[in-house]
Amino acid sequence: MANKPISSDEDIDKAFQQARSAWSQIRAQGLTVSLDGLDRDMKRLQEVWRRAGELPTVSRPRTAQDDLLTKVRTTLRALDDHAPEYAGHEAWNDLRDVRTATRAVRSTAMSLTGDRFWATLRNNRDWRAFWHHVEANSGAAYARSAASLADRLEAEPSTPRTASAVTALRDLQNAASEYSARLRETAPQLALAPEADSARIEADLVRMHHPYPGYGPLNGAATSQEDLRRITREVGQASSKIANQFNTWLLTDSGKRALRSSARAMLEARERLPPVGQIGSGADLWKDAHQYQLAARLYGRFANLAAAEADRRAATDPPYDVALLRKTAKDARDHARRLSRTLPPGNDPSARSYPLQSEAMEAGEDVVTAFRSWRTSDMGQKLLRHGRDPRIVAFGTAWKALPHARNHSVAFDPQADAVAFAAAARQARNIAHAAQKSRAYSYRTSDIAQLRQVADAADKHASRLAATRTPRSAASDHTRPAALGRPSAALAGGPPTPARPGTARPGAGNVGLG
């Protein structure tokens, strides 16, 4: 696979700035040691990340395993048993360098702060965000180095010892690549900063889809009314738990002081949360989906304000009170993540993202091509050329609104495209269902089946787009050109388009869904 940097210089600089910010906050509390020693270790870590970025990328295994951090640590230790087999290979030296540099940053921070300040630094919001970045980057570096070394060993004559050594490397490659990917998707502690605007919060929530499945029996999807009702019940239970925890905290000494002091922003965010039991109707999929996305943003903001308030009170308030508020913040953040993956566009929370923009654009063009093929069928000719039913008009409008894959003047926005393709799929499925049930009009079974296949393809594409990160250059407000050419007569209000040769032309108004 192609080479790609572990992380951009901009992201690394931002992460290191978070570490320096955390250090400054601890110095303000009495720490007298400078940051020089830690700065040297961070620069060394950046260098080993840069070298690992020159190795080929590895594919993500997407395992369902939990506690991947423990798995990474276990597989790293297992490599030590095979050191003789790895000796002399550059990738082995790279892997050990990443391991040593990562350990050095943490151990240096511990030794410089000492017992008195280490616990405070470790729980600092900025430091946690920095360390989240470190583990994500080092995990990716472990995966690349392990994969490169395993490839080299497999190219050599095999022995029982080398076969076992390769297995150990593949285990690390899989665990580290999945762990790194999950860390990048579950944005760091500071990503939903209290001062962030709604667009930033929404963008961060989009990435938080694994390992936080949506609510309901299908991890956030729904295929029946019972699924919707189950989702509503689970959302209500989680919301009630968070509300009860926060109310309990308000009765503590810390909570009582907060009511009289500086916690106004957190309390206002809590007041803006949807009333418990009133998120989702359990009856209308698309209205409920909108409510869950809105609730995710509100809970995400409350969670980060609560976490910030807990950090402020850590040095002065009783440990139990602070721990309870931190637990409330964590549960609210997890709730936001799960809400953001409940009934997403495309309705498949487990869909994998598109690794390349070009792949996403080509897949969208394939969906549009499939629709164009169906449009030439007898059913498509009749409905789109002559149908006047509002459902047909909505159907045509949804498909005309799809983005054009060949237009490179408009920024690629996978989230906006996901909504567009999901809407087109929904309209296609509605038309197929109505056509099959129609008593007044008859359509070929093969044409209806073909339309359902188009809807399925659009839904799958929408789900993958919904799981794909928006590029930094994507515009937040833009208009996409139509992908399907001129509007049909039924949509434009003009004269009927001539029927294609060999196709019987129905009389005006003589088609519909009945």
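Q: Helices are DSSP runs (H or I) of at least four residues, and strands are E runs of at least two. How many helices and strands does the protein chain have?
A: Keep in mind that this is a predicted model. Going by those runs, no stretch of the protein chain counts as a strand. The tally is 19 helices and zero strands.

Q: What share of the residues in the protein chain is buried?
A: A residue counts as buried when its relative accessible area is under 20%. The protein chain has 514 residues, and the buried share of them is 51%.

Q: Take contacts between residues at least 6 apart in sequence: what percentage join residues at least 24 apart?
A: Here we skip any pair less than 6 apart in sequence. Of the contacts left in the protein chain, the share joining residues at least 24 apart is 81%.

Q: Which helix gives the most residues to the largest nonpolar core?
A: That core has 53 residues, and Tyr86, Trp127, Phe130 and Leu172 have the most contacts inside it. The elements giving it two or more residues are α1, α2, α3, α5, α6 and α7. The top giver supplies 13 residues, and that's α6.

Q: How many residues are in the second, separate core?
A: Some background helps: in soluble globular proteins, nonpolar side chains tend to be buried together. The second core includes Leu228, Val235, Ala329 and Ala332. Its residue count is 38.

Q: Which residues do both tyrosine 86 and histidine 89 touch, once sequence neighbours within four places are set aside?
A: Tyrosine 86 is in contact with Leu79, Trp92, Leu149, Leu153, Ala165, Ala168 and Leu169. Histidine 89, in the loop between α4 and α5, touches Leu149, Arg152, Leu153 and Glu156. Compare the two lists and you get Leu149 and Leu153.

Q: Is histidine 89 buried or exposed?
A: The cut-off for buried is under 20% relative accessible area. Histidine 89 has 13%, so it counts as buried.

Q: Around the axis of α3, what arc do its buried residues cover?
A: The buried residues of α3 are Leu68, Val72, Thr75, Leu76 and Leu79. They sit on the same side of α3, because the arc they cover is only 105°.

Q: How far does α3 reach from its first C-alpha to its last?
A: α3 has twelve residues, and the expected reach at 1.5 Å a residue is 16 Å. The model comes close to that, with 17 Å.

Q: What kind of aromatic pair do tryptophan 374 and phenylalanine 395 make?
A: This is one of 13 aromatic pairs in the structure. Tryptophan 374 is in helix α14 and phenylalanine 395 in helix α16, 21 residues apart, and both are buried. Planes over 60 degrees apart count as edge-to-face. With ring centres 5.7 Å apart and planes at 80°, the pair is therefore edge-to-face.

Q: Which arginine has its charged end over the ring of tryptophan 131?
A: Ring pairs link tryptophan 131 into a cluster with Phe16, Trp49, Trp118, Trp127 and Phe130. The charged end in question sits 5.7 Å from the centre of the ring. It belongs to arginine 106.

Q: How far apart are the C-alpha atoms of aspartate 39 and threonine 108?
A: Aspartate 39 is found in helix α2 and is buried, with a relative accessible area of 18%. Along the chain, aspartate 39 and threonine 108 are 69 residues apart. Their C-alpha atoms are separated by 9.8 Å.

Key. Residues numbered from 1 in each chain as written. Predicted model: local features only at pLDDT ≥ 70, side-chain atom pairs only at ≥ 80, totals over all residues. Heavy atoms only, no water. Core = buried A, V, L, I, M, F, W, Y, C linked by side-chain atoms within 4.5 Å. Buried < 20%, exposed > 50% of the residue type's maximum accessible area, 1.4 Å probe, protein only. Contact = heavy atoms within 4.5 Å. Phe/Tyr/Trp six-rings, centres within 6.5 Å; stacked < 30°, edge-to-face > 60°. Lys NZ or Arg CZ within 6 Å of the ring centre and 35° of its normal. Expected span 1.5 Å × (residues − 1). Arc of directions from axis to C-beta.
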